[in-house]
Amino acid sequence: MIDKPSENEDEYIARMEFERKKKVEMERQRELAQEEKKRLKEFHFMKCQKCGMELIEIDYKGTKIDECSQCRGVWLDAGELVAVSKMEKTALDKFFSVFSKQEG
């Protein structure tokens, strides 16, 4: 006579199978999220948040500033606003004059 596994044993096996499948699915979701993050970064990297055109990186006194080639919006990366805010007033005036509209 074949011994049938107990109900507790069936539950345990089912729970373990569920946990294994759940772990596999969570890993798959994590990988998809990483791929999507990478794809979005490549799509949006150095693009203006306002108009979508290319950003041009400008080095101003050791601070890298991103300026839009179309709308002339100015974008600062993490830490750059702090660096700009620590400049002296005359340096700030010169900094902002770099981005003033030039006729020509």
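Here is a walk through the charged side chains of this predicted model, with a stop at a nonpolar patch on the surface.

Let's start with the overall tally. A search of the whole structure turns up eight salt bridges. The general idea is a familiar one: side chains of opposite charge can pair when their charged atoms come close. A few of these pairs deserve a look of their own.

Helix 1, which spans residues 7-44, is a good place to begin. Here Lys21 makes a salt bridge with Glu17, and their closest N and O atoms sit 3.9 Å apart. That just makes the cut, because a salt bridge is counted when the nitrogen is within 4 Å of the carboxyl oxygen. Both residues belong to helix 1 and are four residues apart, or about one turn of the helix. Glu17 has 32% relative accessibility, so it counts as partly exposed. The pair isn't on its own, either: Glu17, Arg20 and Lys21 are linked in a network of salt bridges.

Further along helix 1 you'll find Arg30 and Glu27, three residues apart, again about one turn of the helix. Their side chains join in a salt bridge with an N to O distance of 2.5 Å. How accessible are the two partners? Arg30 comes in at 40% relative accessibility and therefore counts as partly exposed, and Glu27, at 33%, gets the label partly exposed too.

Next, look at Lys47 and Glu54, whose side chains meet in a salt bridge at 2.4 Å, N to O. Lys47 has a relative accessibility of 29%, so it counts as partly exposed. Glu54 is at 40%, which means it is also classed as partly exposed.

Now for a charged residue without a partner. Asp66 sits in strand 2, residues 63-68. It is buried yet has no salt bridge. Which side chain of opposite charge is nearest to Asp66? That would be Lys64, but it is 8.9 Å away. With a salt bridge requiring a nitrogen within 4 Å of a carboxyl oxygen, Lys64 at that distance doesn't qualify as a partner for Asp66. So what does surround Asp66? Setting aside neighbours within four places in sequence, Asp66 is in contact with Met46, Leu55, Ile56, Glu57, Gly73, Val74, Trp75 and Asp77.

Finally, go back to helix 1, where Ile13 is found. Together with Tyr12 and Met16, Ile13 forms a nonpolar patch on the surface. The three residues have about 310 Å² of accessible area together.

Notes
Residues are numbered from 1 along each chain as its sequence is written. This is a predicted model: local features need pLDDT of at least 70, side-chain atom pairs count only at pLDDT 80 or more; totals for chains, interfaces and linings use all residues. Side-chain values use heavy atoms; hydrogens and water are left out. Patches are made of residues with over 30% relative accessible area and no salt bridge: like charges are joined within 9 Å, nonpolar side chains (Val, Leu, Ile, Met, Phe, Trp, Tyr) within 5 Å. Accessible areas come from the Shrake-Rupley method with a 1.4 Å probe; for residues, only the protein chains shown count as cover. Helices (H or I, at least four residues) and strands (E, at least two) are DSSP runs, numbered from the N terminus. Buried means under 20% relative accessible area, exposed over 50%, partly exposed in between (1.4 Å probe, protein chains only). Lys and Arg count as positive and Asp and Glu as negative; His and the chain ends are not counted. Contact means heavy atoms within 4.5 Å.
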